[in-house]
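Biologist: I'd like a close look at one single part of this model, please. Pick a turn worth the trouble, and walk me outward from there to whatever it belongs to.

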Amino acid sequence: MMRTNAWLSDMFNDLFDTPFVTKVTTSYPATNVTESENGYTVELAVPGAKKEDFDVQINEDGNLHIKLEKKTENKQEDKKVHYLRREFSHTTFEKVLSLPEDVEKEKISAKVEHGVLTVDLPKIEQKPQAKIGRKVEIG
């Protein structure tokens with residue numbers, strides 16, 4: 001018969017399951033892609049991120065490469081006691097999207113507002129072809 005120490009697991013749960021210990025979760029930003037007659041729009045929800053946290057490029061394969069690297073450090077010290085509390089957060093994320101053939105890659109733009117990265121992918125402007133009417137000779 002094997003004896004388990006249930007109190008040991010309860011002690012660790014009580015120690016780490018407190019409001020002072022933040023839980024680490026891994027997730028990817030929610031992504032929306034829309035199409036209009038003028039182009040496509042990619043939106044990524046990344047609350048708290050600034051434009052300096054992003055790197056948006058067209059890679060050598062012609063795909064849209066979005067990279068996020070966000071580091072934060074909250075430091076609180078109380079000079080009266082020797083207690084020091086630090087909370088670190090390091091978030092990295094990379095996404096590669098294949099671009100449709102009709103995207104004008106030189107005119108792609110991006111902006112960050114209210115925690116949303118928006119990448120505008122304008123379509124290549126199709127010039128209307130002149131209508132050519134003529135009589136076809138029968139040979």
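**A turn and the sheet around it**

Modeller: Let's start at histidine 114, which has its place in the loop between β6 and β7 (116-122). Bear in mind that this is a predicted model. The backbone is what caught my eye here: phi of histidine 114 is near 55 degrees, a positive value in a residue that isn't glycine. The setting is a hairpin, made by β6 and β7, with two residues between the strands. As for the surroundings, histidine 114 has 82% relative accessibility, so it counts as exposed.

Now follow the two arms of that hairpin. β6 and β7 run antiparallel and are joined by five bridges. One of the facing pairs to look for is alanine 110, which stands opposite valine 119 in β7. Valine 119 is a handy residue to keep on screen, since it leads you across to the next strand as well: valine 42 stands opposite valine 119. That second pairing belongs to β2 and β7, which are antiparallel too and share seven bridges.

Keep going across β2 and you meet β1. Strand β2 covers residues 39-45, and five bridges tie it to β1, again in the antiparallel sense. These two make a hairpin of their own, with three residues between them. Two facing pairs are easy to pick out there: threonine 34 stands opposite threonine 41 in β2, and glutamate 35 stands opposite tyrosine 40 in β2. Tyrosine 40 has something else going on: lysine 123 lies over the face of the tyrosine 40 ring, at 5.2 Å from its centre. If you go looking for ring-on-ring partners instead, a search of the whole structure comes up with zero aromatic pairs.

Put those pieces together and you have an open sheet of four strands, in the order β1-β2-β7-β6, with antiparallel pairing. The edges are β1 (31-35) and β6 (109-113); each has a single partner strand, so one side of each is left without a neighbour in the sheet. From one strand to the next, the twist averages 15 degrees. So what holds neighbours like these together? As a rule, strands of a sheet pair through backbone hydrogen bonds, whether parallel or antiparallel.

It's worth stepping back along the chain from β6 as well. Glutamate 106 is placed in the loop between β5 (84-97) and β6. With a relative accessible area of 70%, glutamate 106 is exposed, and histidine 114 is likewise exposed, at 82%. Measure up glutamate 106 against isoleucine 124 and you get 10.0 Å from C-alpha to C-alpha, with their positions 18 residues apart in sequence.

Finally, the wider frame. The chain has one helix and seven strands, and from the N terminus on, its elements run α-β-β-β-β-β-β-β. Of its 139 residues, 20% are buried. The chain exposes about 12200 Å², and carbon and sulfur atoms supply 50% of that. Among contacts in the chain with a separation of 6 or more, 43% link residues 24 or more positions apart.

For a tour on screen, I'd begin with the positive phi at histidine 114, cross to valine 119 by way of alanine 110, then go on to valine 42, and end at tyrosine 40, with lysine 123 over its ring face.

Terms used. Residues numbered from 1 in each chain as written. Predicted model: local features only at pLDDT ≥ 70, side-chain atom pairs only at ≥ 80, totals over all residues. Heavy atoms only, no water. Phe/Tyr/Trp six-rings, centres within 6.5 Å; stacked < 30°, edge-to-face > 60°. Lys NZ or Arg CZ within 6 Å of the ring centre and 35° of its normal. Pairing = 2+ DSSP bridges. Axes fitted to C-alpha atoms, helices over the stretch in contact; angles between N-to-C directions. Buried < 20%, exposed > 50% of the residue type's maximum accessible area, 1.4 Å probe, protein only. Contact = heavy atoms within 4.5 Å. Areas by Shrake-Rupley, 256 points an atom, 1.4 Å probe, with all protein chains shown as cover.
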